[in-house]
Amino acid sequence: MATVGFCGDWFILTCDKKLVAVHIKQSREAFVFDCSTAEKKPKNTQDSNSSDGCASEETGSDRVLAFTVSPSGKLLALTDDTKRLVLFHCEPSWKCISIRWVVRRCTSLVFSQAEDELLVADKSGDVYSFSVEEPQREGELKMGHLSMLLAVTMSPDNRYIITADRDEKIRVSHLRSPYNIQSFCLGHQQFVSALLVPSAQFHCLLSGSGDGTVKLWEYESGRRLQSWDLRELEDTRSSDPDEEKTPTVSRITCSPDGCHIAVQCERVSSVQFFYLQRGSEDRLVPHSRLSLSHCPLDMTFDPEGRLWVLMDSDDAPLQVYTHTHGSWQCEAVSPELKTVTEALRPHWETLEASTRSSSTSEHLYKSSFDNVAVYLQKKQQRLEEQQLKRTMTQEAKNKKKKKMSGGGALSSD
């Protein structure tokens, strides 16, 4: 799994076990953090979720699972398959502040607006809070779901935690008292895979799902404002059966000025753009569609509003697109792209291996099938067996009666 992002002017790439940061404005040495060489969990550390209560060294693949950047762009946190939670300070120089341990493997991270708290969502459905000001303090359980959490974010005013799970639910909870649920945003037909509070409209929420839709919500009330089926926005329908499947929304991101919203789907070689129209009621309006030469692995906006797309390509895996004259154009010559490409070149092999081994969201879809025919067949079989049993019982009774009546006639003679 490969992901990209920006931490201030640092371009961030995670691939397999590594995080690589490259400065796009200054000639500075790239920062590389390899989880496989990071601090291991001490053997004498008690594992809170161990069934026997015995201490054991944590094992895992060290693969980076998720990362997030603080609102100021000065902090970054990542989590990996060995259940590390690593906190970095990015400016004035890169420094690892702390390595802590989560209870279960995580799926999503988010900093609070004040950057004093880091929320971590895991596969069991729990959200833990980790202090940023006290980087050695263990996490505290904040809230829990009954299903795997796939995304977590916060309202810009720090009032609400917004969580999305595999059971199609989006829950809006109060940050200081998470047991107090403000609302549910319900309407998706499959797992909710992406959440975003747009930078221009803080009262709105965008969500993407395995059902191939993007929905706009007023999250405080849980009211759905709009829904778009991404398949209906395609210019032409593909003849490839695999591409005819319902697309899974894997990323929703917004430009710094809030003017452009980009939506990426798995196994779809394009990016759909929207903009939010203000009025008596906010509306999500399709803007344009960017066709790509390869399927995107991830994408992110830089501080200047350009879109960086990481693609499943050996030749040119990274491209930069600029919005010019109402459309998105690829920058043929970009000094920033050249700088990043040169710095990442030693890691392309790892990126390719990570791409080949990356998992999709197929396992998140719930199996569904029509078992009515099977039920009716079994019911008919059961009725026939019951009828046969009754017939055999009746025949046995009749034979017994005949035998008894025959024996009585013989004794009377």
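**View 1. Helix α1 lies across strands β2 and β3 in this predicted model.** The helix covers residues 335–344. Strand β3 is formed by residues 18–23, and helix α1 runs at about 145° to β3. The chain as a whole has 3 helices and 28 strands.

**View 2. Strands β1, β2, β3 and β4 form an open sheet, in that order.** The pairing in this sheet of 4 strands is antiparallel. Its edge strands are β1, residues 2–7, and β4, residues 31–34, and each of these pairs on one side only. From one strand to the next, the twist averages 15°. Strand β2 spans residues 10–15, and 6 bridges join β1 to β2. The two strands run antiparallel. One of the residue pairs to look for is A2 with C15: the bridge partner of A2 in β2 is C15.

**View 3. A second open sheet has the strand order β17-β18-β19-β20.** This sheet also consists of 4 strands with antiparallel pairing. Strands β17 (192–196) and β20 stand at the edges. Each of them has a single partner strand, so one side of β17 and one side of β20 are left without a neighbour in the sheet. Neighbouring strands here are turned by 20° against each other on average, direction ignored. Strand β17 is joined to β18, residues 204–209, by 4 bridges, and the two run antiparallel. Within β18, S209 is the bridge partner of V192.

**View 4. Residues 205–227 carry a repeat annotation in UniProt.** The unreviewed UniProt entry places the feature "repeat: WD" at these positions. Over residues 205–227 the chain is 70% strand and 0% helix. The C-alpha atoms at the two ends of this stretch are 12 Å apart.

**View 5. E117 and R176 form a salt bridge.** The closest N and O atoms of E117 and R176 are 3.5 Å apart. E117 lies in strand β10, which covers residues 117–122. R176 lies in the loop between β15 (170–174) and β16 (181–185). The two residues are 59 apart in sequence, so their salt bridge ties together separate parts of the chain. Are the two partners buried or exposed? E117 has 7% relative accessibility and counts as buried because that value is under 20%. R176 counts as exposed, at 60% relative accessibility. A search of the whole structure finds 25 salt bridges.

**View 6. E281 and R223 form a salt bridge between distant parts of the chain.** Their closest N and O atoms are 2.9 Å apart. E281 is in the loop between β23 (270–277) and β24 (283–291). R223 is in strand β20, residues 223–229, and the two residues are 58 apart. With a relative accessible area of 33%, E281 is partly exposed. R223 also counts as partly exposed, at 38% relative accessibility.

**View 7. R231 and D229 form a salt bridge.** The closest N and O atoms of R231 and D229 are 3.1 Å apart. R231 counts as partly exposed, with 23% relative accessibility. D229 is buried, with a relative accessible area of 18%.

**View 8. Salt bridges link several residues into a network.** Which residues belong to the network of salt bridges? They are K25, D302, E304, R306, E331 and E336.

**View 9. C96 is in no disulfide.** A search of the whole structure finds 0 disulfides. The cysteine sulfur nearest to C96 is that of C35, 9.8 Å away. A pair of sulfur atoms counts as a disulfide only within 2.5 Å, so C96 and C35 are not such a pair. A disulfide is a covalent bond between the sulfur atoms of two cysteines. C96 is partly exposed, with a relative accessible area of 34%. Another cysteine, C295, counts as partly exposed at 28% relative accessibility.

**View 10. The whole chain gives the setting for the close-up views.** Of the 413 residues in the chain, buried residues make up 47%. Contacts between residues at least 6 apart in sequence include many over longer separations: 44% of them join residues at least 24 apart.

How values were computed. Residues numbered from 1 in each chain as written. Predicted model: local features only at pLDDT ≥ 70, side-chain atom pairs only at ≥ 80, totals over all residues. Heavy atoms only, no water. Buried < 20%, exposed > 50% of the residue type's maximum accessible area, 1.4 Å probe, protein only. Pairing = 2+ DSSP bridges. Axes fitted to C-alpha atoms, helices over the stretch in contact; angles between N-to-C directions. Contact = heavy atoms within 4.5 Å. Salt bridge = Lys/Arg side-chain N within 4 Å of Asp/Glu carboxyl O. UniProt positions renumbered as here; feature names shortened; annotations may be inferred.
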